[in-house]
Amino acid sequence: MTKDGRKGRGHHFPHFVDKALRLLNLRQVVEEIETSVMSSMSCTACKAGVGLLQYYIKSGRTVADIEKMSYKFCVTFQTPRVCEGITRLFGGEVVYVLKRVKLTPEEVCSFVIGDACDDVKNPTHEWEVIFPPVPKPPTMPLALPSESAPTFKVLHISDTHYDPHYEEGSNADCNEPLCCRATSGPPLSPQTRAGRWGDYRKCDTPKRTVDHMLQHISTTHTVST
């Protein structure tokens, strides 16, 4: 007998999670997760994962035990290396949050994934601000600055996604969330090789591209004083 009173049948997960896993088309879930396409299938995977975490949190398991079980669940969909990194980096934070929020798996996944995973109404996340019934003040047109007015330049850099482990010629079409690294394995064809300046597939930006971008900004847009 197991600790929860059920006959031992070699289960690694609670019964409801085992049932969910049997219903999933795992190959399709993996493909959807890799391509960031959120659908009913990845929604089911999300709810099964959140339910698993909540089950072990309520049963009083330690963070280390929960991370181990989360790892076993994760490798059903992803590579062991990716799952090890996810549980090691975010396991403690996720357990901390789930211990303190009172949300069902449906609410959590609806909030994280969006409309593709059931549109669960939650007043905590959907605020409605009531403005007082008073007329709006008149808008005043702004005066245009004179031609002699002082000017300045603003540099706004966003989402560079620099990857210190980017490797030219590596596999840009791997089976993990992030490719173009030595750990991504060899490319299967010349078309799947990571380029010198980056790649539009599942890859982040190499250092040389970031360096050249900053150099171009410095030489092209710097105002001499």
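This briefing walks through a nonpolar core, some ring contacts, two disulfides and a few notable loop residues. Please keep in mind that the model is predicted. The largest nonpolar core has 12 residues, and helices H3, H4 and H5 each supply at least two of them. Further along the chain, the loop between H6 and H7 holds Cys 180, His 161 and Asp 163, and each of these has a bullet or two below.

**The nonpolar core**

- The 12 residues of the largest nonpolar core are Ala 45, Ala 48, Leu 52, Leu 53, Tyr 56, Ile 57, Ile 66, Met 69, Phe 73, Phe 77, Val 95 and Leu 98.
- Three helices each provide at least two residues of this core: H3 (40-58), H4 (63-74) and H5 (80-100).
- Helix H3 is the top contributor, giving 6 residues to the core.
- As general background, nonpolar side chains in soluble globular proteins tend to be buried together.
- Val 95 is a handy residue to look at, as it touches Ile 57, Val 63 and Ile 66 once residues up to four places away in sequence are set aside.
- Of these partners, Ile 57 and Ile 66 are also listed in the core.

**Aromatic rings and the charges over them**

- The structure holds 1 aromatic pair, and Tyr 55 and Tyr 56 are the residues that form it.
- The two tyrosine rings meet edge-to-face, with 5.2 Å from centre to centre and 90° between the planes.
- Tyr 56 has a relative accessible area of 6%, so this residue is buried.
- Tyr 55 has 32% relative accessibility and therefore counts as partly exposed.
- Tyr 56 also belongs to the largest nonpolar core.
- Arg 100 lies over the face of Tyr 96, where the distance to the ring centre is 3.6 Å.
- Arg 196 lies over the face of Trp 197, and here the distance to the ring centre is 5.4 Å.

**Helix H6 and the glycine after it**

- Helix H6 spans residues 105-113, and its buried residues are Pro 105, Glu 107, Val 108, Cys 109, Ser 110 and Ile 113.
- Gly 114 follows H6 and has a positive phi, near 105°.

**The two disulfides**

- The disulfide count comes to 2.
- One of the disulfides joins Cys 174 to Cys 179, with 2.0 Å from S to S.
- The link of Cys 174 and Cys 179 is left-handed, with -90° about the S-S bond.
- Both ends of this link are buried: Cys 174 has a relative accessible area of 6%, and Cys 179 has 0%.
- Another disulfide joins Cys 180 to Cys 203, again with 2.0 Å from S to S.
- The link of Cys 180 and Cys 203 is right-handed, with 65° about the S-S bond.
- Cys 180 and Cys 203 both lie in the loop between H6 and H7 (207-221), so their link ties together parts that are 23 residues apart in sequence.
- Cys 180 and Cys 203 are each buried.

**Positive phi in the loop between H6 and H7**

- Most residues other than glycine have a negative phi.
- His 161 has a positive phi, near 50°, and is not a glycine.
- His 161 sits in the loop between H6 and H7, and its 47% relative accessibility means that it counts as partly exposed.
- Cys 180, another residue that is not a glycine, has a positive phi of about 65°.
- Cys 180 is found in the loop between H6 and H7, and at 0% relative accessibility Cys 180 counts as buried.

**Asp 163 and its surroundings**

- Asp 163 is found in the loop between H6 and H7.
- With a relative accessible area of 2%, Asp 163 is buried.
- The side chain of Asp 163 reaches the backbone nitrogen of His 165 at 3.0 Å.
- A polar contact of 2.9 Å links the side chains of Asp 163 and Arg 181.
- Leaving out residues up to four places away in sequence, Asp 163 touches Leu 178, Arg 181, Asp 204, Thr 205 and Pro 206.

How values were computed
Residues are numbered from 1 along each chain as its sequence is written. This is a predicted model: local features need pLDDT of at least 70, side-chain atom pairs count only at pLDDT 80 or more; totals for chains, interfaces and linings use all residues. Side-chain values use heavy atoms; hydrogens and water are left out. A nonpolar core is a set of buried Ala, Val, Leu, Ile, Met, Phe, Trp, Tyr and Cys residues joined through side-chain atoms within 4.5 Å. Buried means under 20% relative accessible area, exposed over 50%, partly exposed in between (1.4 Å probe, protein chains only). Helices (H or I, at least four residues) and strands (E, at least two) are DSSP runs, numbered from the N terminus. Contact means heavy atoms within 4.5 Å. Rings of Phe, Tyr and Trp (its six-membered ring) pair if their centres lie within 6.5 Å; planes under 30 degrees apart count as stacked, over 60 as edge-to-face and the rest as tilted. A charge sits over a ring if NZ of Lys or CZ of Arg is within 6 Å of the ring centre and within 35 degrees of the ring normal. A disulfide is a pair of cysteine sulfur atoms within 2.5 Å. A polar contact is a pair of N or O atoms within 3.5 Å; within protein, one must be able to donate a hydrogen and the other to accept it, and residues adjacent in sequence count only if both atoms are side-chain atoms.
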